[in-house]
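This briefing covers the salt bridges of one protein chain and the confidence of the model they come from.

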Amino acid sequence: MRLLITVFLLLIPSLLSAQVLNVEKVRSDSDSTGWTGEVAVDFSINKFNERIIKLGNEANAAYFSDNHSYLLLSSLELVNVDGNSLISNGYVHFRTTFLRKKTFSPELFLQYQYNDNYGLQNRALAGAGIKYSFLSRPKLTGHFFTGLMSETEEWGLENNQTVTNQFIKSTSNIVLRGELRSGVSLLVIGYYQARPDRFFQPRVTSENQLNLPISERLTFRVSFVTTFDVDPIIDVPKLTYELKNGLVLSF
């Protein structure tokens, strides 16, 4: 009965919104300038070692000048595991894209993240790379990004021990955005992250997002994220998934 209620709640278009840990959902390909952003609350169900229900909030802001763009993303979630424990996770991400309208655009980014569900106490990273826009049509756009990042992680283990890792990693993604019909859009994202000395042992993420407009500033959003990590840091499944839906308010 609890599972049926959970699935039913996921299908109710109340004041809920999807959120992700990548920047591509809120990146704009438009020619407009100025400020834009999103504020939302979130409800979701996903599967790791246990069944997990999340409630959280997200705030994203972006500024687009004539030549450059600046993105600030933040998220905080409260997580209920099997109905009896409350944990949390969150992140802050800042990214600058230079010469954003050019075919090749340099990017710099910083991120801080924690995730009690995984035992990730702290993660801080900084990186840089190049974004290549290979497709630009009125209803279809695409770009590819590749770069390097320095990552420091602190993991908490069951015996109260802490493991600290420092890595240099390559990070790449490919993004396709398309308009299926007036106002209805589909976003497809693929991520590939790996250490250069273990390039074929990556963390791979795939995401599909469907946006259905309700009004000028209100959108119903559904997303499905799948991640496969060849060599997880701690004892979690190599394959995880997450399904989210809800409403997002844009400004």
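Arg-203 and Asp-229 form a salt bridge, with 3.4 Å between the closest N and O atoms. The partners sit in distant parts of the chain, 26 residues apart: Arg-203 belongs to strand β10 (residues 203–213) and Asp-229 to strand β11 (residues 218–229). The model is predicted, and seven salt bridges are counted in it.

**The pair Arg-203 and Asp-229**

- Arg-203 has a relative accessible area of 19%, and it counts as buried because the cut-off is under 20%.
- Asp-229 is also buried, at 14% relative accessibility.

**The network around Glu-151**

- A network of salt bridges links Arg-123, Glu-151, Glu-153 and Lys-169.
- Within this network, Glu-151 forms a salt bridge with Arg-123, and their closest N and O atoms are 3.5 Å apart.
- That pair links distant parts of the chain, with Arg-123 in strand β6 (residues 120–137) and Glu-151 in strand β7 (residues 140–156), 28 residues apart.
- Glu-151 also forms a salt bridge with Lys-169, where the closest N and O atoms are 2.9 Å apart.
- Lys-169 lies in strand β8 (residues 162–181) and Glu-151 in strand β7, so this pair ties together parts that are 18 residues apart in sequence.
- As background, side chains of opposite charge can pair when their charged atoms come close.

**Burial in the network**

- Glu-151 has a relative accessible area of 2% and is therefore buried, the cut-off being under 20%.
- Arg-123 is buried as well, with a relative accessible area of 10%.
- Lys-169 is buried, as is its partner Glu-151.

**Confidence**

- The chain has a mean pLDDT of 80, and 77% of its residues reach 70 or more.
- Confidence is highest in strand β5 (residues 104–115), at a mean of 94.
- Confidence is lowest in helix α1 (residues 2–11), where the mean is 34.
- The pLDDT is below 50 over residues 1–22, although this stretch has 56 contacts in the model beyond near neighbours in sequence.
- Where pLDDT is low, the predicted coordinates should not be read in detail.

Terms used
Residues are numbered from 1 along each chain as its sequence is written. Side-chain values use heavy atoms; hydrogens and water are left out. A salt bridge is a side-chain nitrogen of Lys or Arg within 4 Å of a carboxyl oxygen of Asp or Glu. Helices (H or I, at least four residues) and strands (E, at least two) are DSSP runs, numbered from the N terminus. Buried means under 20% relative accessible area, exposed over 50%, partly exposed in between (1.4 Å probe, protein chains only). pLDDT is the predictor's confidence in each residue, from 0 to 100. Contact means heavy atoms within 4.5 Å.
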